[in-house]
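Reader: Hi! Could you walk me through one part of this structure in detail, the surroundings of the ligand and the helices that build them?

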Amino acid sequence: MEFSPLKIISIVACTMLVVGYLKRRDRKVHIPLMVSAFTIDMGLLLYIEITRHAIEQASHAPGGLLIFHITISVGVVVLYIGQVVSGIKKRKGISSAWHRKAGLPLVILRVGNLITSFMVTAASS
Ligand code: HEM
């Protein structure tokens, strides 16, 4: 397994998301952890796209594993945006059924994204 700096940053963000989920009842811990995980993950995405043109590369001859990884990753971005928007509402006192329902699916997809990122690297080296 190759632990590149990007992978280590990804493990840190994923760990923050898992701990933030476990601390979902403690706003003082939950919100800073989730905002940090989201910021790091969006930064990672931008960095990978800018330096590797990942979307163009993947669109040439993607294998099944890469397609699976990209599908998971798109799901992560969509759910993240939903959680941040509904989380801000919740903080203002507006209840959100979405925020509770989409939390665990996001955590599962984000862990899946991390695992498949290692598989994609192993398969391409
Ligand atoms: C800007 C980001 C976020 C903000 C501002 C935010 C805000 C909040 C607030 C205010 C609560 C209520 C806490 C309480 O019970 O007092 C909460 C609960 C919760 N949050 Fe977040 N959150 C954010 C991101 C996330 C993310 C990314 C996830 C996904 C894993 C998540 C999952 C949950 C879950 C599952 C609950 C419990 C919901 C319930 O039982 O009603 N949150 N969040």
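Author: Happy to; here is a look at the ligand shell, followed by the helix pairs around it. Please keep in mind that this is a predicted model.

Let's start at the ligand. It is surrounded by 20 residues, and the closest are R24, M34, Q83, G87 and G103. Four helices, α1 (5-22), α2, α4 and α5 (97-124), each supply at least two residues of this shell. The largest share, six residues, comes from α4. If you care about chemical character, the shell around the ligand has nine nonpolar, five polar and six charged residues.

G87 is a good place to zoom in, as it is among the residues closest to the ligand. This glycine lies in helix α4. G87 counts as buried because 20 other C-beta atoms lie within 10 Å, and the cut-off for buried is 20 or more. Leaving aside residues up to four places away in sequence, G87 touches M34 and H99. M34 is another of the residues closest to the ligand, and M34 belongs to α2. Along the chain, G87 and V76 are 11 residues apart, and their C-alpha atoms are separated by 16 Å.

The touch between G87 and M34 leads us to the packing of α2 and α4. Two packed helices are described by the angle between their axes and the distance between the axes. For helix α2 (residues 27-52) and helix α4 (residues 64-91), the axes come within 11 Å and cross at roughly 150 degrees. Angles over 145 degrees count as roughly antiparallel, so α2 and α4 are roughly antiparallel to each other. Their crossing is left-handed. On the α2 side the contact involves I31, M34, F38 and D41, which meet Y80, V84, G87 and R91 in α4. By class, this contact of α2 with α4 has five nonpolar, one polar and two charged residues.

While we are on α2, have a look at S36, which lies in this helix. S36 is partly exposed, with 15 other C-beta atoms within 10 Å. The C-alpha atom of S36 is separated by 8.7 Å from that of L17, and these two residues are 19 apart along the chain.

Now to the other partner of α4. The axes of α4 and α5 come within 8 Å and cross at roughly 150 degrees. That makes α4 roughly antiparallel to α5. The crossing of α4 and α5 is left-handed. Sorted by class, the contact of α4 with α5 has 15 nonpolar, 13 polar and two charged residues.

Finally, α5 also packs against α1, at an angle of about 160 degrees and with the axes 10 Å apart. These two helices are therefore roughly antiparallel to each other, and α1 passes α5 in a left-handed crossing. From α1, the contact is made by K7, S10, I11, C14, L17, V18 and Y21; from α5, by G103, V107, R110, V111, L114 and S117. The class count for the contact of α1 with α5 is eight nonpolar, three polar and two charged residues. Two names here should ring a bell: G103 is one of the residues closest to the ligand, and L17 is the residue whose C-alpha atom is 8.7 Å from that of S36.

Methods:
Residues are numbered from 1 along each chain as its sequence is written. This is a predicted model: local features need pLDDT of at least 70, side-chain atom pairs count only at pLDDT 80 or more; totals for chains, interfaces and linings use all residues. Axes are lines fitted to C-alpha atoms, for helices over the stretch in contact, and angles run from 0 to 180 degrees between N-to-C directions. Angles under 35 degrees count as roughly parallel, over 145 as roughly antiparallel, 65 to 115 as roughly perpendicular and the rest as oblique. A crossing is left-handed if the near helix is turned anticlockwise from the far one by less than a right angle, and right-handed if clockwise. Two residues are in contact if their C-beta atoms, placed from the backbone, lie within 7 Å. Ala, Val, Leu, Ile, Met, Phe, Trp, Tyr, Cys and Pro count as nonpolar, Asp, Glu, Lys and Arg as charged, and the others, Gly among them, as polar. A residue is near a molecule or strand if its C-beta atom, placed from the backbone, lies within 6 Å of it. A residue is buried if 20 or more other C-beta atoms lie within 10 Å of its own, exposed if 12 or fewer, and partly exposed in between; C-beta atoms are placed from the backbone.
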